[in-house]
Each structure stands twice: as structure tokens, then as C-alpha cells.
Amino acid sequence: MLSRVPVSSRFSSPDPLFGEVAPEIIEDTLIHLAMENEQHLSVLPGPVGCFREARAVEFIFLLSEKWHLDQPAMYQAVELLERFMIKQVEQICTSPRQNVTGGEEGRSQSSLQEQIYDTFVLRLVSCIQLASKLSLHYNAVNSDTAVKFLQSLKYSYTKQELLESELAVLETLQFQINVSTPLAYIELLLEVLGHNGCLLPAKPLHQMCIQLLDFFYLKRDTIYDTLLSIAIENLTPSELQIAKFLIVKEDLMLLAVGIISTSAFVLNPEHWKKVQSFPNKLSLCVGKKVKVIYMFKNRQRLVVEHLNCITGITSQSISEFSYAVLKHVIGSITPKQPHRR
């Protein structure tokens, strides 16, 4: 008689398995993510990034930890809340104004703003619930758990209101909630690095990437402020420079290569400088021109050069990102701040 396997052992997989995917699938997925990233960057809304504020992110992280959610669900919740709140702001800005006086319009917008403010925690919890259902179907955050938590904060929401809140998020986002997070880019690039023969330990590198990605989410604005200062070689950027830099802040492929490069340095500075690669391994270049595939045969390559070959992002940009992250992780200028040519 067969014994039953506990649910946790059947479904729980804390670490991804690398080296198990066919090259054709890696290629197709990488091209898909590159195109998805470029499409996202081509239609950035004005308030993008405003709702990844450190306190909201920390709230989501702590609550996700309390409810035993994994990192994919945690990051997905942050991105869901960001996208939902942007849509809410857009609705305020585009609310109907026909036959409405100036005073009435002001009161209407003020009322919408108050409604968004008053329901922010409820919406945040709903985003975590939705993310948990996407990531962990067998361990999703149910209504009882969510209501109990909200009641502990002195909110009097009912299960019905919680369900309506979930539906409001779904309808606002047109049910498009399963979007790629930075972690998806990181894990795919690690798969490509392994396929290309990089002698980097996948499991420790993946774990370090997650730790740095957590840190990045909490220090996002300060890290990008440092990166902007490096890019313009000035501590006081103009409003135009800040506006143009928005596309850099939303580039998930740049974020992924930066986190991987920084993780490689933290684990082993020598590997960051020099990594062995084997000949005749496929490299997928998906920078400005996707679907460009070529072979490389160099015996020695920098980690950043591998990432440059894979994504088309310059080694200079990757190094600058690593410097900006490390400066806030350890307060050091190691690796040495790159000089712009």
C-alpha cells in the first residue's frame, strides 16, 4: 500500500533547478522576456515607480514572511500593487469632467484621493492574496487569514469586502496579473550563464541574488540616485535628466544583470574578474535587436562580458550598476567606481 506524501514535500521547491531546460526553450523564453521588457519601456506611465516606496515594500515583505510566502509571490505582490495604484491615479486624472464646475471637479478628485488613501492597506492585502494564488496554489492566503490580520490593525473589513477588493484589483488590471518580475529575468539569465559554461555555483549565486534583490527593493530610490549621479557625473541632476532616467529605472533586464554581477562579486571577486567558459556555447543577444543569436569561443571572459553577450547591455552599464548597489550594501567603493569614457 502506497503511503501518502505530505503536501509540503510534493509541492515545495525552495530552489530552482538549473541545467534542466532545453536550449531552444531558453532561447524562446529569453527573446520573449526581452520583447516584454522593451514593450514595457516603450509605454511607461507618468507615475511609474512611485508606489514601490520603501515602507510599502517593507510592509509587503514582512506580511509575506508572516504568511510563509516565497520570493516570487512577494515580488509579484509589490508589482501588482504598483500597477494597480498607477491605474487608480490615472482614473483620477481622467475622470469625466463634462458639466462639472471647477469646485465640483476639485471635490470629486479629492473624494477619489481619499478613497484610495483609505483603502490602501486593504488593496495591499488583496495584492498579496492574488500573488499567493499565482505562486502557491496549495498555500494561498485565504479570506479568514486576511480578515483576521486586518482586524488586528483595527480595520473592520468583512470577507465580502475583501472579495470585492480582490475583484477590484483584477478588474482594474483587466485580469492581467501574471507578469514577469525581476526574479524571472535573473533566473533565466542564470540558466543561460550555466548553459554557456560559466563556472559559477548556481545555487549560492541564486541565493545571493535573492538577498540582493530584497535589498534593492528596499533601497531602490537611493541606489538609482547613485546610478544617476554616476551616469551624469553630477550630484544635482536636472528635472530633464531625472525624467530621461526613468527608462533606466524601469529596465528589468538591466536590473537583472546588475544583481547577478553584484552577486558574483560578493561571492567571489576573482570570478567577477575572470570566469572560464567552454567553446561553442550558444549566446543569446537580446539587446536593442532581439532574435540575434551567435556563438562565442573565447576561453576567458569577465562575468560582465558574459552578461553583455547575452543581453547586449554594455559592460560599462553593468559595472556601474554593481558599483551603485555595492556602495549601499557595504558602504564601499569596491568594485572600483567605473570611469565613463
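Is Lys154 buried or exposed? With a relative accessibility of 76%, Lys154 counts as exposed. We will come back to Lys154 below, after a look at the whole chain.

## The overall picture

Welcome to this structure, which is a predicted model. The protein is built with 17 helices and 4 strands. Of its 341 residues, 43% are buried. The surface that the protein exposes comes to about 18400 Å², and 55% of that area is supplied by carbon and sulfur atoms.

How do the contacts spread along the chain? Take the contacts in the protein with a separation of 6 or more: 77% of them are accounted for by residues 24 or more positions apart.

## Two helices that cross

Now for a pair of helices. Two packed helices are described by the angle between their axes and the distance between the axes. Helix H10 covers residues 202-218 and helix H11 covers residues 220-232; their axes come within 5 Å and cross at roughly 85°. Angles of 65 to 115 degrees count as roughly perpendicular, so H10 is roughly perpendicular to H11.

Which residues make this contact? On the H10 side they are Phe215, Phe216, Tyr217 and Leu218, while H11 brings Arg220, Ile223 and Tyr224. Sorted by type, the residues of the contact of H10 with H11 are 6 nonpolar, no polar and 1 charged.

## Cysteines

How many disulfides does the model have? The count comes to 0 disulfides. Two cysteines are worth finding in the structure. Cys127 has a relative accessible area of 1% and is buried. Cys209 also counts as buried, at 1% relative accessibility. The cut-off explains both labels, because buried means under 20% relative accessible area.

## Two loops around helix H8

Helix H8 spans 159-172, and helix H9 spans 182-195; Asn178 is found in the loop between them. At 62% relative accessibility, Asn178 counts as exposed. Leaving out residues up to four places away in sequence, Asn178 touches Gln76 and Leu134. Asn178 and Ser135 are 43 residues apart in sequence, and their C-alpha atoms are 9.5 Å apart in space. Gln174 has its place in the loop between H8 and H9 as well, and Gln174 counts as exposed at 59% relative accessibility.

On the other side of H8 in the sequence, Lys154 lies in the loop between helix H7 (143-152) and H8. This is the residue from the opening question, exposed at 76% relative accessibility.

Backbone angles give another reason to look at these loops. Most residues other than glycine have a negative phi. Lys154 has a positive phi, near 75°, and is a residue other than glycine. Gln174 is not a glycine either, yet its phi is positive at about 55°.

## Two buried residues in helices

What does Ser143 touch, leaving aside its neighbours within four places in sequence? Ser143 is in contact with Gln129, Lys159, Leu162 and Leu163. The place of Ser143 is in helix H7, and at 17% relative accessibility Ser143 counts as buried. That label holds because the cut-off for buried is under 20% relative accessible area.

Further along the chain, Thr311 lies in helix H16, which runs over residues 303-311. Thr311 is buried, and its relative accessible area is 1%. How far is Thr311 from Val257, C-alpha to C-alpha? The separation is 8.3 Å, and the two residues are 54 residues apart along the chain.

Conventions
Residues are numbered from 1 along each chain as its sequence is written. This is a predicted model: local features need pLDDT of at least 70, side-chain atom pairs count only at pLDDT 80 or more; totals for chains, interfaces and linings use all residues. Side-chain values use heavy atoms; hydrogens and water are left out. Buried means under 20% relative accessible area, exposed over 50%, partly exposed in between (1.4 Å probe, protein chains only). Contact means heavy atoms within 4.5 Å. Accessible areas come from the Shrake-Rupley method with a 1.4 Å probe; for residues, only the protein chains shown count as cover. Axes are lines fitted to C-alpha atoms, for helices over the stretch in contact, and angles run from 0 to 180 degrees between N-to-C directions. Angles under 35 degrees count as roughly parallel, over 145 as roughly antiparallel, 65 to 115 as roughly perpendicular and the rest as oblique. Ala, Val, Leu, Ile, Met, Phe, Trp, Tyr, Cys and Pro count as nonpolar, Asp, Glu, Lys and Arg as charged, and the others, Gly among them, as polar. A disulfide is a pair of cysteine sulfur atoms within 2.5 Å.
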